[in-house]
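Let's take a walk through this structure together, one piece at a time. Have the 3D view ready so you can turn it as we go.

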Amino acid sequence: MTATPGATPTIVLVGHGMVGQRFLEALAERGLTATHRVVVLCEEPRPAYDRVQLTSYFSGRTPEELSLADPEFIEAHGIELHVGDPAETVDREARAVTARSGLVVGYDILVLATGSYPFVPPVPNKDAVGCFVYRTVEDLLAIEDYARTRAATGAVVGGGLLGLEAAGALKGLGLSAHIVEFAPRLMPVQVDAGGGAALLRTIEDMGLSVHTGVGTQEVVVGADGAVTGMKLSDGSELATDLVVFSAGVRPRDQLARDCGLAVGERGGITVDDRCRSVSDPHVFAIGECAQASDGRVYGLVAPGYEQAETAAAAIAGNEASFTGADLSTKLKLLGVDVASFGDAHGTAEDCLDVVYADSRAGLYKKLVIGRDGTLLGGILVGDAEAYGTLRALTGSVPPVSPESLVLPAGADSGAQLGPSALPDEAVVCSCHNVSKGAIRGAVTEHNCTTVPEVKKCTKAGTGCGSCVKVLGQLVTAELEASGVEVDKGLCGCFGRTREELYEIVRALRLTSYRELLDRYGREDARGGDGCEVCKPAVASVIASLAPVIGASGHVLDGEQAALQDSNDHFLANLQKNGSYSVVPRIPGGEIAPEKLIVIGEVARDFGLYTKITGGQRIDMFGARVEQLPLIWARLVDAGFESGHAYGKSLRTVKSCVGRTWCRYGVQDSVRMAIDLELRYRGLRSPHKLKSAVSGCARECAEAQSKDFGVIATSNGWNLYVGGNGGATPRHADLLAQDLSDAELVRLIDRFLMFYIRTADRLERTSTWLERIPGGLDHVRDVVVHDSLGICDELEALMRAHVAHYRDEWAETIDDPEKLARFVSFVNAPDTPDPVVAFVPERDQMKPDLPLLSIGLRPADDVLEGSAQR
Amino acid sequence: MTLAPETTDLLVQLRLEDGWFTVCDLHRLTPGRGVAALLPDGRQVAVFRDRADRLYGIDNRDPFGGAAVLSRGLTGTHRGRPFVASPLLKQRFDLETGQCLDDASVRVTAYRVRSA
């Protein structure tokens with residue numbers, strides 16, 4: 001079957017990887033999916049997924065989460081997607097592709113996006129049982145399966161980008177991992193000898209064994225044909241149960257070769273600058289299978305995306321060309337920053353290096369400078385903070401001396417060259433090719449006032465995300481320059497942010513709201529009564545810092561009582577009819593039958609409505625104010641304490657049942673959840689805090705939807721932060737992997753205290769993480785690498801909190817003064833509020849809601865003589 | 001409303017149609033917070049004391065939600081006027097006039113309060 005003139009023209013895409021998917025999106029954006037029949041032949045059993053993030057599978061991302069292809073998108077654009085059915089032959093004469101299933105599709109345009117295949121060196125026994133490559137989800141599943149059952153040691157052949165990722169994954173699977181690299185250093189393509197040395201130390205510190213300058217000569221197998229070791233070129237032998245080949249990739253151009261399309265000397269389908277095959281105008285090639293018009297095969301995703309756009313534009317008859325791409329990269333490999341940009345290896349004539357190296361800190365920074373002072377390129381290992389600015393400056397003479405650009409911030413002459421020094425034409429986002437001028441324009445001409453708006457307007461920062469920090473600085477600078485006054489104040493009473501007030505309270509040990517308002521409030525608010533926004537916010541700051549500033553630890557003591565939100569004021573949750581709900585703490589959701597019976601008896605005796613909460617505890621509704629102390633006297637007596645369901649503080653740490661009972665569990669998640677809940681109970685924070693601990697990667701406790709979530713691994717714990725359910729769900733980000741119990745607790749201590757210190761009022765960790773400059777990377781630098789040198793202090797603050805924790809309810813029922821407020825009426829302490837009444841429903845009771853509307857009175861029904869004063 | 005000297009012997013009194021009605025001792029009121037009082041006819045009044053010891057009284061019932069909870073709201077100063085924010089949905093009410101600051105069509109009863 002061939003395309004018949006007059007029928008709908010057909011585009012056949014061979015390969016549904018990242019670049020193939022982007023091509024489909026580019027077709028759809030140009031309306032070509034409406035005018036063309038689009039058929040996709042995909043070899044892998046699943047549609048396009050994020051291959052760049054492949055390794056994140058081992059930290060809990062499922063193949064579904066890695067998926068890039070939205071079924072709705074495929075369906076909405078009428079794309080015929082055949083997964084698990086690769087193209088086998090192309091008949092260019094007849095313009096038809098035959099797939100493995102026998103399916104024959106005629107085409108008007110054929111687009112090859114077949115990607116690349118892993119290069120396996122031709123050593124003996126390279127195909128033995130226990131030998132793998134690292135390219136697809138299926139490869140990962142096979143490695144995982146083998147590692148779990150048959151391996152204790154693993155070796156990776158190749159110390160490049162993918163090799164390091166593979167080695168990290170093996171380590172994550174609990175194997176002792178080796179890296180064998182033929183070149184004299186790790187990541188030989190991206191970094192030079194100095195950078196490789198800095199990287200080596202850091203990688204070895206993580207417990208990975210690195211063998212550089214040696215080749216693999218033979219895979220050694222045992223009697224059963226499975227891998228037992230490797231012979232290396234220096235004569236040594238390395239014992240290993242598993243080998244992963246990750247020695248580079250080669251363009252997958254066999255289909256093109258078989259049908260006579262021109263390919264490059266070292267592989268890759270030769271295309272022109274519109275990504276069209278030089279031998280057949282009906283054929284395009286994009287991504288890693290193509291040799292671009294500059295003679296290079298690009299193995300990065302950003303150039304592949306650009307090629308996809310170019311091919312789609314060419315098919316649409318628009319102007320576009322791809323003549324080469326910037327190979328700058330910034331990566332986070334096993335937690336280490338590695339970046340290279342421009343002429344990183346100094347190949348230009350007469351160029352000079354400026355190098356800063358600190359072996360102790362694992363830092364290496366090199367800039368390549370031309371004779372005339374032009375910045376030509378560079379390499380950053382260990383700290384790639386300056387990457388965004390430096391890459392954009394490449395090709396120009398930097399406004400300060402080169403050495404000051406690589407010296408660490410804070411060193412005597414270390415210059416902090418901000419993005420304001422960049423020229424307008426400097427490219428800030430290289431994924432989407434957005435210049436600084438375009439970003440400024442988004443603010444000045446399109447009235448964008450926030451980073452998300454600028455992202456939407458310009459697409460900057462929506463690719464790899466490495467430029468978002470620079471983006472934020474540019475937006476702020478531009479807003480300030482155009483005179484937009486951004487009032488960052490907490491409320492009408494304070495012109496300062498919550499973070500600034502926290503610092504003031506901490507530094508001056510202020511324990512009085514009035515003093516803070518009168519000294520640091522806005523002029524016209526001083527001496528006043530504040531407002532409902534700043535009073536609870538300041539109360540929370542004072543409570544968080546209470547042990548270190550000498551404030552009372554009880555939120556109802558002294559002036560603090562007047563600042564608390566209504567819920568905190570009664571240590572219970574106000575419901576719509578003026579009654580309260582009561583939630584005792586059930587740490588980790590674990591409760592003995594005796595305590596369950598107490599809750600049942602209390603609810604029955606006080607006539608309360610009971611419901612199981614999402615946080616694995618029990619909420620009792622319908623208590624009147626005057627009943628609260630009586631209820632709590634019973635609960636405290638039975639060993640319960642406040643669950644802080646009313647507070648901006650730790651709510652619950654959910655858990656699954658874990659290793660103790662579950663066939664799949666690898667750690668004791670209940671024990672850990674209880675430990676964490678007891679450690680952080682009562683901690684006042686900018687907003688509520690939720691947590692969970694899962695005993696294995698199946699994640700039954702849903703830890704990734706929590707402010708801090710913990711997932712067990714065979715080696716310890718993975719810590720996730722910034723997750724959220726609710727109206728704006730957000731999956732938590734992985735902060736650190738394979739932590740011991742002590743390391744986990746220490747990191748959470750630091751994380752929570754850093755959040756409490758810097759977040760805005762009512763800002764959950766998810767929005768905080770999105771807002772603060774540098775985002776997750778910055779938080780990781782601060783709490784994991786202690787880049788600000790404040791971790792000791794953060795830990796000390798948490799230690800003080802833990803040491804000073806007291807149960808609020810136990811203290812309240814022992815204090816007659818505090819108890820005095822628990823009455824419906826100050827002048828009739830024994831009379832219940834008549835508006836709080838209940839009617840039966842489903843074996844329990846519910847608020848008598850009609851009673852509430854009886855109280856509604858028209859506004860003019862005002863009592864005589866009441867309002868004229 | 002009058003200015004009250006700092007003493008605990010004083011009584012908080014509300015002006016009703018037929019005279020002054022005693023609510024409680026002044027010391028029962030925490031500056032910045034309110035209490036609820038039950039009137040002989042079943043009405044409820046929320047009584048407040050600010051940081052300058054001025055006293056205010058408005059109807060205790062939140063006209064938006066219907067529950068008798070305004071006494072449990074947080075107080076503050078808005079453009080020099082004292083207000084309370086309902087603990088239900090945070091609408092603010094002027095403590096001197098009962099006028100809702102967030103909805104011009106809504107107003108609650110205000111009472112004269114004194115310490116004596």
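Start with a bit of ruler work: the expected span of a helix is 1.5 Å times one less than its number of residues. Keep in mind that what you're looking at is a predicted model.

Now try that rule on helix α9 of chain A, which runs over residues 301–316. With 16 residues at 1.5 Å a residue, α9(A) should span 22 Å, and its end C-alpha atoms are 23 Å apart, so the two values agree. Is this helix out in the open or enclosed? Of its 16 residues, 13 are buried, so α9(A) is largely enclosed by the rest of the structure. Right after α9(A) comes A:Gly317, and its phi is positive, near 80°.

Next, hop over to chain B. Here you'll find an open sheet of 4 strands in the order β3-β4-β5-β9, with antiparallel pairing. Its edge strands are β3 (33–38) and β9 (110–111) of chain B, each of which pairs on one side only. For β3(B), the antiparallel partner is strand β4 of chain B (residues 44–49), and 6 bridges join the pair. To spot one yourself, look for B:Ala37: its bridge partner in β4(B) is B:Val45.

Finally, look at where the chains meet. Chain B brings 44 residues to the contact and chain A brings 35 residues. On chain B's side, the elements giving two or more residues are β2 (19–25), β3, β6 (74–78), β7 (81–85) and β9. What kinds of residues does chain B use to touch chain A? They divide into 20 nonpolar, 13 polar and 11 charged.

Note on methods: Residues numbered from 1 in each chain as written. Chains lettered and ligands numbered in written order. Predicted model: local features only at pLDDT ≥ 70, side-chain atom pairs only at ≥ 80, totals over all residues. Pairing = 2+ DSSP bridges. Contact = placed C-beta atoms within 7 Å. Nonpolar A, V, L, I, M, F, W, Y, C, P; charged D, E, K, R; others polar. Buried ≥ 20, exposed ≤ 12 C-beta atoms within 10 Å, placed from the backbone.
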